[in-house]
Amino acid sequence: MKIYRSEDEREMGMIAADLVAAQLRVKPNSLLGLATGSTPVGMYEALAELCQAGKTDFSAAKTVNLDEYVSLSPENEQSYRYFMQKHLFERVNILPRNTFVPDGTADPAVACKRYDELLDSLGRIDLQVLGIGRNGHIGFNEPSDDFPCDTHVVELSESTIEANARFFASKAEVPRRAVTMGIRPILYARTVMLLVCGEEKAEIVKRAFTGPVTPRVPASILQLHPNFLLVGDRAALSLLDGSMVC
Ligand code: GLP
(Lines give C-alpha, C1' and ligand atoms only; values in the text may rest on other atoms or scores of the structure.)
Protein backbone atom coordinates (compact mmCIF):
# COMPACT_ATOMS: atom_id res chain seq x y z
CA MET A 1 0.00 0.00 0.00
CA LYS A 2 1.28 3.43 -0.90
CA ILE A 3 -0.27 6.46 0.78
CA TYR A 4 -0.42 9.96 -0.69
CA ARG A 5 -1.42 12.67 1.76
CA SER A 6 -2.81 16.01 0.63
CA GLU A 7 -3.42 19.11 2.68
CA ASP A 8 -7.08 19.31 1.69
CA GLU A 9 -9.80 17.95 -0.57
CA ARG A 10 -8.84 20.16 -3.50
CA GLU A 11 -5.25 18.98 -3.52
CA MET A 12 -6.44 15.39 -3.14
CA GLY A 13 -8.48 15.78 -6.34
CA MET A 14 -5.47 17.15 -8.19
CA ILE A 15 -3.15 14.36 -7.04
CA ALA A 16 -5.74 11.76 -8.08
CA ALA A 17 -6.30 13.44 -11.46
CA ASP A 18 -2.54 13.49 -12.11
CA LEU A 19 -2.40 9.76 -11.40
CA VAL A 20 -5.27 9.07 -13.82
CA ALA A 21 -3.65 11.33 -16.43
CA ALA A 22 -0.34 9.45 -15.99
CA GLN A 23 -2.18 6.18 -16.53
CA LEU A 24 -3.68 7.52 -19.77
CA ARG A 25 -0.30 8.76 -20.97
CA VAL A 26 1.31 5.39 -20.40
CA LYS A 27 -1.65 3.47 -21.85
CA PRO A 28 -4.07 5.67 -23.83
CA ASN A 29 -6.57 2.83 -24.28
CA SER A 30 -6.78 2.13 -20.54
CA LEU A 31 -9.87 0.65 -18.99
CA LEU A 32 -10.68 2.88 -16.02
CA GLY A 33 -12.93 1.73 -13.19
CA LEU A 34 -14.82 4.75 -11.87
CA ALA A 35 -16.65 5.69 -8.70
CA THR A 36 -19.31 8.20 -7.70
CA GLY A 37 -20.00 10.00 -4.42
CA SER A 38 -18.78 13.44 -3.41
CA THR A 39 -15.15 12.40 -2.84
CA PRO A 40 -14.06 11.99 -6.50
CA VAL A 41 -15.82 15.16 -7.72
CA GLY A 42 -12.64 17.26 -7.41
CA MET A 43 -10.68 14.64 -9.34
CA TYR A 44 -13.23 14.74 -12.17
CA GLU A 45 -13.12 18.53 -12.17
CA ALA A 46 -9.31 18.47 -12.43
CA LEU A 47 -9.43 15.84 -15.18
CA ALA A 48 -11.90 17.94 -17.17
CA GLU A 49 -9.51 20.90 -16.87
CA LEU A 50 -6.52 18.80 -17.93
CA CYS A 51 -8.44 17.49 -20.91
CA GLN A 52 -9.68 20.93 -21.97
CA ALA A 53 -6.08 22.18 -21.77
CA GLY A 54 -4.99 19.31 -24.04
CA LYS A 55 -2.95 17.73 -21.25
CA THR A 56 -4.83 14.45 -21.09
CA ASP A 57 -6.73 12.47 -23.68
CA PHE A 58 -9.67 10.14 -23.14
CA SER A 59 -10.31 9.41 -26.82
CA ALA A 60 -9.09 5.81 -26.63
CA ALA A 61 -10.10 5.12 -23.02
CA LYS A 62 -12.99 3.02 -21.78
CA THR A 63 -14.68 3.29 -18.40
CA VAL A 64 -16.73 0.98 -16.21
CA ASN A 65 -18.58 2.32 -13.22
CA LEU A 66 -18.95 0.45 -9.99
CA ASP A 67 -22.63 0.68 -9.32
CA GLU A 68 -26.10 2.10 -9.91
CA TYR A 69 -29.29 2.44 -7.89
CA VAL A 70 -32.02 -0.02 -8.80
CA SER A 71 -34.94 1.82 -10.49
CA LEU A 72 -33.14 5.06 -11.38
CA SER A 73 -32.95 5.86 -15.10
CA PRO A 74 -30.04 7.75 -16.70
CA GLU A 75 -32.24 10.88 -16.86
CA ASN A 76 -32.78 10.85 -13.11
CA GLU A 77 -30.47 13.44 -11.56
CA GLN A 78 -29.67 11.13 -8.66
CA SER A 79 -28.63 8.23 -10.87
CA TYR A 80 -24.96 7.44 -11.12
CA ARG A 81 -25.13 7.53 -14.91
CA TYR A 82 -26.38 11.13 -14.67
CA PHE A 83 -23.61 11.93 -12.17
CA MET A 84 -20.92 10.59 -14.50
CA GLN A 85 -22.29 12.44 -17.53
CA LYS A 86 -22.35 15.69 -15.60
CA HIS A 87 -19.01 15.45 -13.78
CA LEU A 88 -16.87 13.75 -16.39
CA PHE A 89 -18.20 12.25 -19.60
CA GLU A 90 -19.68 15.45 -21.05
CA ARG A 91 -16.54 17.39 -20.16
CA VAL A 92 -13.82 15.22 -21.68
CA ASN A 93 -13.25 13.68 -25.09
CA ILE A 94 -14.39 10.17 -24.20
CA LEU A 95 -16.61 8.39 -26.71
CA PRO A 96 -20.07 7.81 -25.20
CA ARG A 97 -20.05 4.22 -26.45
CA ASN A 98 -16.94 3.57 -24.34
CA THR A 99 -18.60 4.46 -21.02
CA PHE A 100 -20.42 1.79 -19.04
CA VAL A 101 -22.62 2.03 -15.94
CA PRO A 102 -24.88 -0.79 -14.68
CA ASP A 103 -28.46 -0.47 -15.92
CA GLY A 104 -30.70 0.68 -13.05
CA THR A 105 -33.90 0.22 -15.01
CA ALA A 106 -33.49 -3.40 -16.18
CA ASP A 107 -34.56 -6.37 -14.13
CA PRO A 108 -31.78 -6.33 -11.46
CA ALA A 109 -30.76 -9.97 -11.95
CA VAL A 110 -30.50 -9.41 -15.71
CA ALA A 111 -28.54 -6.17 -15.18
CA CYS A 112 -26.03 -8.06 -12.99
CA LYS A 113 -25.58 -10.87 -15.51
CA ARG A 114 -25.12 -8.42 -18.38
CA TYR A 115 -22.60 -6.38 -16.42
CA ASP A 116 -20.48 -9.43 -15.63
CA GLU A 117 -20.55 -10.42 -19.29
CA LEU A 118 -19.47 -6.90 -20.18
CA LEU A 119 -16.64 -6.95 -17.61
CA ASP A 120 -15.46 -10.30 -18.98
CA SER A 121 -15.44 -8.92 -22.51
CA LEU A 122 -13.56 -5.75 -21.53
CA GLY A 123 -10.80 -7.58 -19.69
CA ARG A 124 -8.76 -6.45 -16.73
CA ILE A 125 -9.33 -2.95 -15.33
CA ASP A 126 -6.11 -0.93 -15.55
CA LEU A 127 -6.89 1.61 -12.84
CA GLN A 128 -9.80 1.27 -10.43
CA VAL A 129 -10.86 4.44 -8.60
CA LEU A 130 -12.76 3.96 -5.35
CA GLY A 131 -14.28 5.98 -2.55
CA ILE A 132 -15.17 4.48 0.82
CA GLY A 133 -18.42 4.54 2.73
CA ARG A 134 -18.42 5.32 6.44
CA ASN A 135 -19.04 1.63 7.14
CA GLY A 136 -16.17 0.59 4.88
CA HIS A 137 -18.20 -0.20 1.77
CA ILE A 138 -16.60 0.01 -1.66
CA GLY A 139 -18.89 0.42 -4.64
CA PHE A 140 -22.03 -0.76 -2.88
CA ASN A 141 -20.36 -3.84 -1.39
CA GLU A 142 -21.79 -3.47 2.08
CA PRO A 143 -20.42 -5.17 5.22
CA SER A 144 -21.49 -8.82 5.16
CA ASP A 145 -20.39 -12.36 5.96
CA ASP A 146 -18.37 -12.82 2.81
CA PHE A 147 -16.80 -10.90 -0.07
CA PRO A 148 -19.20 -11.22 -3.04
CA CYS A 149 -17.19 -11.87 -6.20
CA ASP A 150 -19.59 -10.97 -8.99
CA THR A 151 -21.99 -8.16 -9.79
CA HIS A 152 -24.96 -8.48 -7.46
CA VAL A 153 -28.00 -6.73 -6.06
CA VAL A 154 -27.58 -5.27 -2.57
CA GLU A 155 -30.01 -4.12 0.04
CA LEU A 156 -28.43 -0.86 1.14
CA SER A 157 -27.64 -0.58 4.82
CA GLU A 158 -29.42 2.01 6.95
CA SER A 159 -26.16 3.94 7.42
CA THR A 160 -25.56 4.10 3.64
CA ILE A 161 -29.12 5.25 3.00
CA GLU A 162 -28.69 7.93 5.64
CA ALA A 163 -25.29 9.02 4.28
CA ASN A 164 -26.58 9.22 0.70
CA ALA A 165 -29.88 10.90 1.58
CA ARG A 166 -28.12 14.27 1.22
CA PHE A 167 -28.28 13.86 -2.56
CA PHE A 168 -32.08 13.29 -2.53
CA ALA A 169 -35.03 15.47 -1.56
CA SER A 170 -35.63 13.21 1.43
CA LYS A 171 -34.40 9.95 2.93
CA ALA A 172 -37.60 8.25 1.74
CA GLU A 173 -36.55 8.85 -1.86
CA VAL A 174 -33.26 6.98 -1.60
CA PRO A 175 -33.63 3.65 -3.44
CA ARG A 176 -33.27 0.71 -1.07
CA ARG A 177 -31.40 -1.44 -3.54
CA ALA A 178 -28.46 -1.08 -5.89
CA VAL A 179 -26.56 -3.14 -8.42
CA THR A 180 -22.83 -3.23 -7.70
CA MET A 181 -19.74 -4.72 -9.18
CA GLY A 182 -18.38 -7.45 -6.92
CA ILE A 183 -14.98 -7.61 -5.30
CA ARG A 184 -13.31 -9.76 -7.96
CA PRO A 185 -12.85 -7.18 -10.77
CA ILE A 186 -11.79 -4.60 -8.17
CA LEU A 187 -9.12 -6.82 -6.70
CA TYR A 188 -8.08 -8.01 -10.14
CA ALA A 189 -7.48 -4.43 -11.37
CA ARG A 190 -3.83 -3.68 -12.13
CA THR A 191 -3.87 -0.62 -9.87
CA VAL A 192 -6.45 0.41 -7.27
CA MET A 193 -6.66 4.00 -6.04
CA LEU A 194 -8.97 4.79 -3.13
CA LEU A 195 -9.78 8.43 -2.42
CA VAL A 196 -10.88 9.63 0.98
CA CYS A 197 -11.29 12.96 2.66
CA GLY A 198 -12.66 14.42 5.86
CA GLU A 199 -12.33 13.71 9.55
CA GLU A 200 -15.52 11.62 9.59
CA LYS A 201 -13.75 8.96 7.50
CA ALA A 202 -10.60 8.81 9.69
CA GLU A 203 -11.88 5.99 11.90
CA ILE A 204 -12.96 3.75 9.01
CA VAL A 205 -9.65 4.38 7.22
CA LYS A 206 -7.82 3.17 10.31
CA ARG A 207 -10.03 0.07 10.64
CA ALA A 208 -9.89 -0.78 6.93
CA PHE A 209 -6.17 -0.40 6.39
CA THR A 210 -4.59 -1.28 9.73
CA GLY A 211 -7.17 -3.75 11.08
CA PRO A 212 -7.93 -7.32 10.06
CA VAL A 213 -9.05 -8.17 6.52
CA THR A 214 -12.73 -8.93 6.95
CA PRO A 215 -15.94 -8.70 4.89
CA ARG A 216 -17.35 -6.73 7.83
CA VAL A 217 -15.14 -3.91 6.50
CA PRO A 218 -15.19 -4.56 2.73
CA ALA A 219 -12.40 -2.07 1.90
CA SER A 220 -10.02 -4.04 4.15
CA ILE A 221 -9.52 -6.54 1.33
CA LEU A 222 -7.49 -3.90 -0.50
CA GLN A 223 -4.68 -4.66 1.95
CA LEU A 224 -4.13 -7.76 -0.21
CA HIS A 225 -3.76 -5.79 -3.44
CA PRO A 226 -0.17 -5.56 -4.67
CA ASN A 227 -0.59 -2.10 -6.17
CA PHE A 228 -2.93 -0.19 -3.90
CA LEU A 229 -2.74 3.60 -3.61
CA LEU A 230 -4.57 5.42 -0.83
CA VAL A 231 -4.98 9.12 -1.60
CA GLY A 232 -6.38 11.08 1.30
CA ASP A 233 -6.39 14.46 2.92
CA ARG A 234 -4.70 15.13 6.23
CA ALA A 235 -7.97 14.79 8.20
CA ALA A 236 -8.94 11.41 6.77
CA LEU A 237 -5.45 9.99 7.33
CA SER A 238 -5.06 11.51 10.79
CA LEU A 239 -5.40 8.22 12.70
CA LEU A 240 -2.80 6.38 10.64
CA ASP A 241 0.71 6.01 11.92
CA GLY A 242 2.74 8.83 10.31
CA SER A 243 5.43 6.40 9.16
CA MET A 244 2.92 4.76 6.79
CA VAL A 245 2.50 7.98 4.81
CA CYS A 246 4.96 8.83 2.05
C1 GLP B 1 -21.72 5.66 -2.39
C2 GLP B 1 -21.01 5.01 -3.57
C3 GLP B 1 -19.58 4.64 -3.22
C4 GLP B 1 -18.88 5.82 -2.55
C5 GLP B 1 -19.61 6.15 -1.27
C6 GLP B 1 -18.95 7.26 -0.48
O7 GLP B 1 -22.27 4.77 -1.51
N8 GLP B 1 -21.69 3.84 -4.02
O9 GLP B 1 -18.89 4.25 -4.40
O10 GLP B 1 -17.54 5.50 -2.30
O11 GLP B 1 -20.92 6.56 -1.63
O12 GLP B 1 -19.41 8.49 -0.94
P13 GLP B 1 -18.83 9.91 -0.54
O14 GLP B 1 -17.60 10.06 -1.36
O15 GLP B 1 -19.90 10.86 -0.94
O16 GLP B 1 -18.56 9.88 0.91
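# Strands, a pocket and a ligand

Strand S7 (residues 152-155) and strand S8 are antiparallel to each other, and four bridges join them. The structure is a predicted model, in which local features need pLDDT of at least 70 and side-chain atom pairs count only at pLDDT 80 or more, while totals for chains, interfaces and linings use all residues. Residues are numbered from 1 along each chain as its sequence is written, and side-chain values use heavy atoms, with hydrogens and water left out.

Strands and helices are runs assigned by DSSP and numbered from the N terminus, with at least two residues (E) for a strand and at least four (H or I) for a helix. Two strands are said to pair if DSSP finds at least two bridges between them.

## The strands

Within the pairing of S7 and S8, Val-154 stands opposite Ala-178 in S8. S8 (residues 177-180) is also joined to strand S4 (residues 67-69), by three bridges and again in the antiparallel sense, and here Glu-68 faces Val-179 of S8.

A further group of strands forms an open sheet of seven, with parallel pairing and the order S1-S10-S9-S6-S2-S3-S5. Its edges are strand S1 (2-6) and strand S5 (99-100), each of which pairs on one side only. Next to the edge strand S5 comes strand S3 (residues 62-65), which runs parallel to S5 and is joined to it by two bridges, with Val-64 having Phe-100 of S5 as its bridge partner. S3 also pairs with S2, in the parallel sense and over four bridges, and in this pairing Leu-32 stands opposite Thr-63 of S3.

Is S2 covered on one face or on both? Strand S2 (residues 31-34) is covered on both faces, since Leu-31 and Gly-33 on one side and Leu-32 and Leu-34 on the other are all buried. Here buried means a relative accessible area under 20%, exposed means over 50%, and partly exposed lies in between, all found with a 1.4 Å probe and for protein chains only.

## The largest pocket and the ligand

A pocket is sought on a 1 Å grid over the protein atoms alone, as an open set of points where a 1.4 Å probe fits and where protein stands on both sides within 12 Å along at least five of seven lines; its lining residues have an atom within 4 Å of a point. The volume is the space filled by probe spheres set on the points, which are joined across faces, edges and corners. The largest pocket has a volume of about 730 Å³, and of its 38 lining residues the closest to its centre are Gly-37, Ser-38, Asn-164, Arg-166 and Phe-167. S4, helix H3 (80-87) and helix H5 (158-164) each supply at least two residues of the lining, and H3 gives the most, with five.

By class, the lining holds 15 nonpolar, 15 polar and eight charged residues. In this count Ala, Val, Leu, Ile, Met, Phe, Trp, Tyr, Cys and Pro are nonpolar, Asp, Glu, Lys and Arg are charged, and the others, including Gly, are polar.

Around the ligand there are 14 residues, of which Ser-38, Thr-39, Asp-67, Arg-166 and Lys-201 come nearest; a residue belongs to this group if one of its heavy atoms lies within 4 Å of the ligand. The table gives some distances to oxygen atoms of the ligand.

| Residue | Atom of the residue | Distance to a ligand oxygen |
|---|---|---|
| Thr-39 | polar side-chain atom | 2.4 Å |
| Ile-132 | polar backbone atom | 3.4 Å |
| Lys-201 | side-chain N or O atom | 2.8 Å |

Such pairs are polar contacts, that is, pairs of N or O atoms within 3.5 Å; within protein, one atom must be able to donate a hydrogen and the other to accept it, and residues adjacent in sequence count only if both atoms are side-chain atoms.

## Single residues

Asn-141 lies in the loop between strand S6 (127-130) and S7, and it is counted as buried because its relative accessible area is 1%. The side chain of Asn-141 makes a polar contact of 3.4 Å with the side chain of His-152, and it also reaches the backbone oxygen of Met-181 at 2.9 Å.

Ser-71, in the loop between S4 and H3, is exposed, with a relative accessible area of 52%. Most residues other than glycine have a negative phi. Ser-71, although not a glycine, has a positive phi of about 95°.

Gln-23, placed in helix H1 (residues 9-26), is buried with a relative accessible area of 17%. The C-alpha atoms of Gln-23 and Asp-126 are separated by 8.2 Å, while the two residues are 103 residues apart along the chain.
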